[in-house]
Amino acid sequence: MVSPVSLANMEYALYGNTSGLGSTTAPSMMNNYCASSSYLNSYPGLTNYYASPYSMYADPYAGMYANPASLYAQQQGTTQQASQSDVDKVANFYNKSSQVEETLIGAVVGNAVFGLINNPRLIAHPYNSIKSLGKVKEMFKGVKVEGSNAYKLWNNPETNELMREAYGTMHKIEARNMKKLGLFRQSYTQNPKDYEALKPYIEKLKSAINSGDAKGVEDAVAHLKAGYTNNGPISKGLGAIKRFFGGTTIPNTAAEALKNATVLKETQAEIASKVGKTTFKNALKRGGGVKGGLFFMGIELLMGIPNIKEAFSKDKKTGWKQVGQTTVKGAGSAIGWAVGDALVTWRAAKICAAAGTAIAPGVGTAIGAVIGLIGGGIGCWLVGKGTKALVGQDVGEKVKLEKMKQTPEGQVQLLQLTASQKNIPLDVQQAMMNMASQYGMVA
């Protein structure tokens, strides 16, 4: 749709007061841009140039800048606004059609992608990630052999998460043992001493898996993770800044990290938490879902600020009602995410074990990496539908829509917004045509 304001002003500037907007001689949106024959001779001064040498400029430029009014100002007092029934019909349709609701599939896919983003190395180095699968496969091939020690460790609910952590750790190490840019973490091909420092624990992990030694697996994984340092130029620069402000010194080599008692102790505690049968209560206590819930609560509150401002622009009562709506929805997001994450994490061992033995350990590990996020997303979606049904549509959105309905400029904006919607009913289309006709808008 063409904006009537800018179009009218352009015509006004082109044709001036006497032969401009609304005349039958000059082409304009009021006469469908069809000039009459008189317009073709709109410079009468040319026929008598010597009699009046300045007349040829008098008409077309007279008052050209004298009154640069908008279309609405020109129509004031001569054209009525669109009928209230048409405006209400268009506004009601736009209000319903513009409400975007996330689907269950959208929640699942969106959080699976979010899980991928949380592992940027898979995106930054896809070739290395795929190539290293074959190298890790040899160490974990026993997982698919029923009755083997590796199979028992993988299918035991108390050690499944530990085995998934072992697989993920070895995948990172093998991928890093190939060439890469190394801005955050340099390749072991550039720092072979780092790989040599980790090699004894790689061999220990392999031996522990084959013998079914869960404690050995735990110790080996803890050392391998502790020795996985960030020693690229960007990481070193960030570490230097941290030390400047009194932060902890970050080891730059695997050997340094393995000798650092604090680093090793923290990693050992992290790995130890992954051993033992996971219960719903323990999964909730871990805090992964709680942290995620608080994050999404913050997003909900941040996105609610425009509606809160809009609601307060009407009055305090409406404003505080919007604050309440936003708070309820934010709290619902936090609770839904935390509970959903804990529920699926609680049941993850069986799901990941089945996928690992039936397909591949890598598939089970990949599922474990995103399953909590997916569960959190589903919980957030379910509770979100409930909170929306409880508090209703944001009053801030209603205030904004009412403001649009009250002015010609707002009604034109409403028309433009509604025109972008899909599946517009015939009665709403007719109401839109009526409104456009009132304002001289040309489709």
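A charge counts as sitting over a ring if NZ of Lys or CZ of Arg is within 6 Å of the ring centre and within 35 degrees of the ring normal. Keep that in mind for the first stop on this tour of a predicted model.

**Stop one: a ring with charged company**

Select Y228 and K172. K172 lies over the face of Y228, and the distance to the ring centre is 4.8 Å. Now add R176 to your selection. The charged end of R176 also sits over the ring of Y228, at 4.7 Å from its centre.

**Stop two: aromatic pairs**

How many aromatic pairs does a search of the whole structure find? The search finds 3. To see one of them, select F140 and Y167: this pair is edge-to-face, with 5.1 Å centre to centre and 65° between the planes. Zoom out a little and look at where the two residues come from. F140 belongs to the loop between α8 (126-139) and α9 (149-155), while Y167 is in helix α10 (residues 160-176). The two are 27 residues apart, and their pair links distant parts of the chain.

Are these two rings buried or exposed? F140 has a relative accessible area of 1%, so it is buried. Y167 is buried too, because its relative accessibility is 7% and the cut-off for buried is under 20%.

**Stop three: another edge-to-face pair**

Next, select F312 and W320. Their ring centres are 5.5 Å apart and the planes meet at 80°, which makes the pair edge-to-face. Try switching on the surface here: F312 is partly exposed, with a relative accessible area of 31%, whereas W320 counts as exposed at 55%.

Technical notes. Residues are numbered from 1 along each chain as its sequence is written. This is a predicted model: local features need pLDDT of at least 70, side-chain atom pairs count only at pLDDT 80 or more; totals for chains, interfaces and linings use all residues. Side-chain values use heavy atoms; hydrogens and water are left out. Rings of Phe, Tyr and Trp (its six-membered ring) pair if their centres lie within 6.5 Å; planes under 30 degrees apart count as stacked, over 60 as edge-to-face and the rest as tilted. Helices (H or I, at least four residues) and strands (E, at least two) are DSSP runs, numbered from the N terminus. Buried means under 20% relative accessible area, exposed over 50%, partly exposed in between (1.4 Å probe, protein chains only).
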